[in-house]
Amino acid sequence: MPALLKTLKTTFGYSSFRPLQREICEATLANQDVFALLPTGGGKSLCFQLPALVRPGLTVVVSPLIALMKDQVDQLVVSGVAATFLNSTLGAAESRRRLRGLHQGEYKLLYAAPERLMLEGWQENLKNWHVSCLAIDEAHCVSEWGHDFRPEFRQLAQLRTVLPGVPLMALTATATARVRTDIITHLKLREPSTFVASFNRPNLSYRVIPKDQPLKQIIDFVRRREHESGIIYCASRAATERVADSLAGRGFSARPYHAGLTAGERTENQERFLRDDTRIICATIAFGMGINKPNVRWVIHHDLPKNIEGYYQETGRAGRDGLPGDCLLLFSAGDIAKQTHFLDEITNEHEQQVARAQLRQIVHYAENAGCRRAELLGYFGEKFPSANCGACDNCLEPRETYDGTVVAQKLLSCIYRIRQTTQFGVGLNHVIEVLTGADTDKIRRWGHHRLSTYGIGQELSRPAWAAVGRELMRLGYIAVAAGEYATLELSGEGLTLLRTRTPVTLTKPMDLPKAKRVVRRAGDVACDEILFGCLRGLRKQLADERQVPAYVIFGDATLRAMARDYPVTLRAMEGIFGMGEKKRAEFGRIFAHAIATFLESNSRQSFD
């Protein structure tokens, strides 16, 4: 459809589509219901924004967050699109003005929360506004199996009877197969065209290091990225405050974000982060959904996340603009113990069982010696086609292995002897206590001090045995019972290994990084870094004048394209990535003049 590509270029400044965007746009324009799963940074918003501009009528976008509505509308308005939102932040006079504009057909896109669309009288409004598409963003909120369940999203299915001929589009950035089915069922999608993009984020690099003096590790990391924006996720409110204070005390621009702050404090800290007044947000998982800041360059997890889906979502907030993003997880066995303690307090047996399985998966990810990218994609049922992604610690610096036959035999035989003697299973901690010769009430009560395996593992520390045990689980030699207690038993492969004494190769635990190795970041765009810094300052000035986040003016990718090509006239700005006609008309001369001024005292660089 030529109109799509033309509008993509003239309005948004892009010369090509990202994967599946064109197909999704064409399906909704053909009046089909659509389910679209695109990763964070995959261009979900364009899938309903672009069709809205080429079809008659109004596209209604259901969005769960006020901040996200304003953010997307600001970006659309700067690009010359007639878009608006209605929510509780508006005064009565402004709300009436916008409603009047909707009745007069002045807008192409309306953003609103699900609760507002279900208010009395709104069904008549929707009928009168010539709605041509209903797009539900963050659609995983529909499912109780999703990580952000919002019951009010389920009521949206009632709009099918209000707008019977209007196609519905459900979009999300992360959803397991179960959640996808839930979304399609609860929203009553009619034979939807389903699009599932790759979960791979090729511009992100993944690294896990042992947690050791975490504040020092974070400060060392941030110091090498002083001018970049980043998020530090912490498990507790106290940790967010502690990390933010430590960074601020050393001159870094850092603020906390958690549910214990007042609504005003949270809003201010988030706004400062979006506008680049604050570079670093130290946050609990309360921060993030709908944060549309494209130039987050790194994400650190100070503590172990609860599950892989949350970790994927949180790391996905880096590099939304397609430029490089670094993801660092600080990992310690102590974090596993803390999480396990919290799980013990869950009273619902099914919920506890699910949470334990999720914890095992994220620990498996952290300790696994294989490709991190392949591990993440495998969780979502996707196979990574290469043996080496070239952008995770395990692929760049493979860990050493060792002959683990003896320790594996000791641990497996201990599990076997305990089962054989007492006719019931025990958890890994108890097995390790038997191996290391601990004197506990349970060991004496159950007679485990009389086992032949009692005390035969004193050459290793308890944490070292725990790491061996978890690796043997990952390799499939030890099975974990699915009941309330995570008791161990040997799998068929484990029994065979024990009987045949087949050699076993195990991976050495992670070491602290020895040398600070500089690796070119995946997706990096070479440019004149000094000019890029100047243009970033100009962008900030223009954004502050308009009271919008800097990326509403231009994203980093657009600034880097200018700092690479040195366009010094308005005509030369044509074709710059991310510069549509409206933005070129408004800002093109300002940036061209800045580049020309820069070149008066600096020479051009050439880039391969």
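The loop between helix H9 (177-186) and strand E7 (193-196) holds Glu191, a residue of this predicted model that is worth a closer look. Its backbone shows a positive phi of about 40° although Glu191 is not a glycine. That catches the eye because most residues other than glycine have a negative phi. Glu191 counts as exposed because its relative accessibility is 78%, and the cut-off for that label is over 50%. A similar story can be told for Gln423, which sits in the loop between helix H18 (405-422) and helix H19 (428-435). Here phi is again positive, at about 65°, and again the residue is not a glycine. With a relative accessibility of 64%, Gln423 is therefore also classed as exposed.

How far can the model be trusted from place to place? The mean pLDDT of the protein chain is 88, and 95% of its residues reach 70 or more. Among the elements, helix H14 (residues 333-344) has the lowest confidence, with a mean of 81, while E12 has the highest, at 96. Residues 515-520 call for some care, since their pLDDT is below 50. Beyond near neighbours in sequence, this stretch makes 5 contacts in the model.

Strand E7, met above at the end of a loop, belongs to an open sheet of 7 strands. Reading across this sheet gives the order E3-E4-E2-E5-E6-E1-E7, with parallel pairing. Strand E3 (83-86) and E7 form the edges, each pairing on one side only. On average, neighbouring strands here are turned by 15° against each other, direction ignored. Inside the sheet, strand E2 (residues 58-62) and strand E4 (residues 109-112) pair in the parallel sense over 4 bridges, and Thr59 stands opposite Leu109 in E4. Helix H3 (residues 46-54) packs on the sheet, where it touches E2, E4, strand E5 (131-136) and strand E6 (168-172). The direction of H3 makes about 145° with that of E4. Helix H4 (residues 66-78) lies across E3 and E4 and runs at about 160° to E3.

A further open sheet is built from 6 strands in the order E8-E13-E12-E9-E11-E10, and the pairing is parallel. Its edges are strand E8 (204-210) and strand E10 (254-257), each of which pairs on one side only. Neighbouring strands are turned by 15° against each other on average, direction ignored. E10 pairs with strand E11 (residues 280-283) in the parallel sense over 4 bridges, and Arg255 stands opposite Ile281 in E11. Two helices can be placed against these strands. Helix H12 (residues 263-274) lies across strand E9 (229-233), E10, E11 and strand E12 (296-301), at about 135° to E10. Helix H15 (residues 349-367) lies across E8 and strand E13 (325-331), at about 110° to E13.

Strand E12 also meets helix H25 (residues 556-565), a mostly covered helix in which 8 of its 10 residues are buried. These include Leu559, Arg560 and Met562. The buried residues of H25 pack against E12, helix H23 (529-546) and helix H26 (581-601). Arg560 also lies over the face of Phe532, at 4.4 Å from the ring centre. After H25 comes Tyr566, whose phi is positive, near 55°. Another charge sits over a ring where the charged end of Lys293 lies 5.1 Å from the centre of the Phe273 ring.

What do the aromatic rings do among themselves? Searching the whole structure gives 12 aromatic pairs. In one of them, the rings of Tyr14 and Phe577 have centres 5.1 Å apart and planes at 35°, so this pair is tilted. The pair links distant parts of the chain, 563 residues apart: Tyr14 is in the loop between helix H1 (2-12) and helix H2 (21-29), and Phe577 is in the loop between H25 and H26. Tyr14 is partly exposed, at 28% relative accessibility, and Phe577 is partly exposed, at 40%. Trp122 and Trp129 form an edge-to-face pair, 5.4 Å centre to centre with 90° between the planes. Both of these residues are covered: Trp122 is buried, with a relative accessible area of 7%, and Trp129 is buried, with 4%. Ring pairs also link Phe199, Tyr312, Tyr379 and Phe380 into a cluster.

Notes: Residues numbered from 1 in each chain as written. Predicted model: local features only at pLDDT ≥ 70, side-chain atom pairs only at ≥ 80, totals over all residues. Heavy atoms only, no water. Pairing = 2+ DSSP bridges. Axes fitted to C-alpha atoms, helices over the stretch in contact; angles between N-to-C directions. Contact = heavy atoms within 4.5 Å. Buried < 20%, exposed > 50% of the residue type's maximum accessible area, 1.4 Å probe, protein only. Phe/Tyr/Trp six-rings, centres within 6.5 Å; stacked < 30°, edge-to-face > 60°. Lys NZ or Arg CZ within 6 Å of the ring centre and 35° of its normal. pLDDT = per-residue confidence, 0-100.
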